[in-house]
Amino acid sequence: MFNPRPILGVLQRHEVRFVVIGGIAGSLQGSTTITHDFDICYARERDNLERLTEALKELDATLRGAREPVPFQFDARTLKAGLNFTFDTKYGPFDCIGEASGNFDYEQLRRNADEMNLLETKVLVASLDDLIRMKRAAGRNKDLIEVENLSALREVRDGKARGGPRGRGPQGART
């Protein structure tokens with residue numbers, strides 16, 4: 001069963017620095033595409049890696065995709081030696097990304113991120129423009145389809161910012 005709320009709660013309790021990316025970020029930005037995993041881009045400083053390690057232990061995280069259980073040392077050193085990790089947790093799939101498609105890291109994403117109130121706390125969510133760039137860079141069919149969805153969402157938002165749908169002003173003239 002996939003339930004991202006408890007994962008988010010554990011990350012917040014452990015004060016992990018991260019930006020929500022992927023399908024959950026798309027949903028939070030307004031996409032209607034359904035996702036079945038929770039993706040974050042995490043800060044790679046040692047203190048944050050230590051907090052992330054403790055959060056992963058609380059989530060009973062195991063490496064996803066291995067045919068047999070693979071021993072995995074949950075510590076900051078191991079996380080620092082790797083970059084992108086896919087885990088199964090007691091709440092569902094959880095991906096910890098050190099560098100997202102398009103060479104986006106935590107610091108780059110943080111600068112453009114939207115701060116949203118989730119579970120009574122503020123969470124950084126990748127901006128719509130950064131999500132589009134990441135999906136485009138990933139280049140998978142499902143990502144390219146989502147680029148179209150997110151781009152349409154961007155057009156709607158831009159139209160509203162200019163005073164009406166499709167960029168038309170109050171008298172219907174193109175703006």
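What pLDDT does the chain average, and what share of the residues score at least 70? I began with this point, as the model is predicted. The chain averages a pLDDT of 89, and 91% of the residues reach a score of at least 70. I then looked for the weak part and noted residues 166–175, over which pLDDT stays under 50. For this stretch the model has 17 contacts beyond four places in sequence. I record these contacts with the low score beside them.

**Entry: the chain as a whole**

I counted the secondary structure, which comes to 7 helices and 9 strands. I took the extent of the C-alpha atoms along the principal axes and found a box of roughly 65 × 35 × 30 Å. Of the 175 residues, 42% count as buried. I also checked the contacts with a separation of 6 or more, and residues 24 or more positions apart account for 61% of them.

**Entry: helix H1**

I turned to H1, which covers residues 4–13. Its buried residues are Ile-7, Leu-8, Gly-9, Val-10 and Leu-11. At the N-terminal end I found a cap: a side-chain oxygen of Asn-3 lies 3.3 Å from the backbone nitrogen of Arg-5. After the helix I noted Glu-15, with a positive phi near 55°.

**Entry: helix H2 and Gln-29**

Is H2 largely enclosed or largely open? I found 6 of its 8 residues buried, so the helix is largely enclosed by the rest of the structure. The buried residues are Gly-22, Gly-23, Ile-24, Ala-25, Gly-26 and Gln-29. H2 is followed by Gly-30, for which I read a positive phi near 120°.

I gave Gln-29 a closer look, as a residue of H2. Why does Gln-29 count as buried? Its relative accessibility is 3%, and the cut-off for buried is under 20%. I next asked what the side chain of Gln-29 reaches. One partner is the backbone oxygen of Ala-126, at 2.9 Å. Another is the side chain of Asp-114, joined to that of Gln-29 by a polar contact of 2.7 Å. Leaving out residues up to four places away in sequence, I listed what Gln-29 touches: Asp-114, Met-116, Val-125, Ala-126, Ser-127, Leu-128, Leu-131, Leu-153 and Arg-157.

**Entry: the largest pocket**

I looked up the largest pocket and noted about 600 Å³ of space. Which of its 25 lining residues lie nearest the centre? They are Gly-22, Asp-39, Lys-135, Arg-140 and Asp-143. Of these, Gly-22 is one I had already listed among the buried residues of H2.

I then traced which elements supply at least two residues each to the lining. The helices are H2 (22–29), H6 (128–138) and H7 (141–161), and the strands are E4 (84–89), E5 (92–97) and E6 (99–100). H7 gives the most, with 5 residues. By residue class I recorded 7 nonpolar, 9 polar and 9 charged.

**Entry: the second largest pocket**

The second largest pocket has a volume of about 200 Å³. I listed its lining as Pro-4, Arg-5, Leu-8, Val-20, Ile-24, Ser-27, Leu-28, Phe-38, Leu-118 and Leu-119. The elements that give two or more residues to this lining are H1 and H2. How does this lining divide into nonpolar, polar and charged residues? I recorded 8 nonpolar, 1 polar and 1 charged.

Several of these names tie back to earlier entries. Arg-5 has the backbone nitrogen to which the Asn-3 cap is directed. Leu-8 is among the buried residues of H1, and Ile-24 is among those of H2.

**Entry: positive phi in the loops**

I closed with two residues other than glycine that have a positive phi. For Leu-119, a lining residue of the second largest pocket, phi is near 50°. I placed Leu-119 in the loop between strand E8 (114–118) and strand E9 (121–125). Leu-119 is partly exposed, as its relative accessible area is 38%.

For Asn-103, phi is near 60°. Asn-103 lies in the loop between E6 and strand E7 (104–105). Is Asn-103 buried or exposed? I recorded Asn-103 as exposed because its relative accessibility is 53%, and exposed means over 50%.

How values were computed:
Residues numbered from 1 in each chain as written. Predicted model: local features only at pLDDT ≥ 70, side-chain atom pairs only at ≥ 80, totals over all residues. Heavy atoms only, no water. Buried < 20%, exposed > 50% of the residue type's maximum accessible area, 1.4 Å probe, protein only. Helix = DSSP H or I, 4+ residues; strand = E, 2+ residues; numbered from the N terminus. Polar contact = N/O pair within 3.5 Å; in protein donor to acceptor, adjacent residues only side chain to side chain. 1 Å grid on protein atoms, 1.4 Å probe; cavity = no way out; pocket = protein on both sides within 12 Å on 5 of 7 lines; lining within 4 Å. Points joined across faces, edges and corners; volume = space filled by probe spheres on them. Nonpolar A, V, L, I, M, F, W, Y, C, P; charged D, E, K, R; others polar. pLDDT = per-residue confidence, 0-100. Contact = heavy atoms within 4.5 Å.
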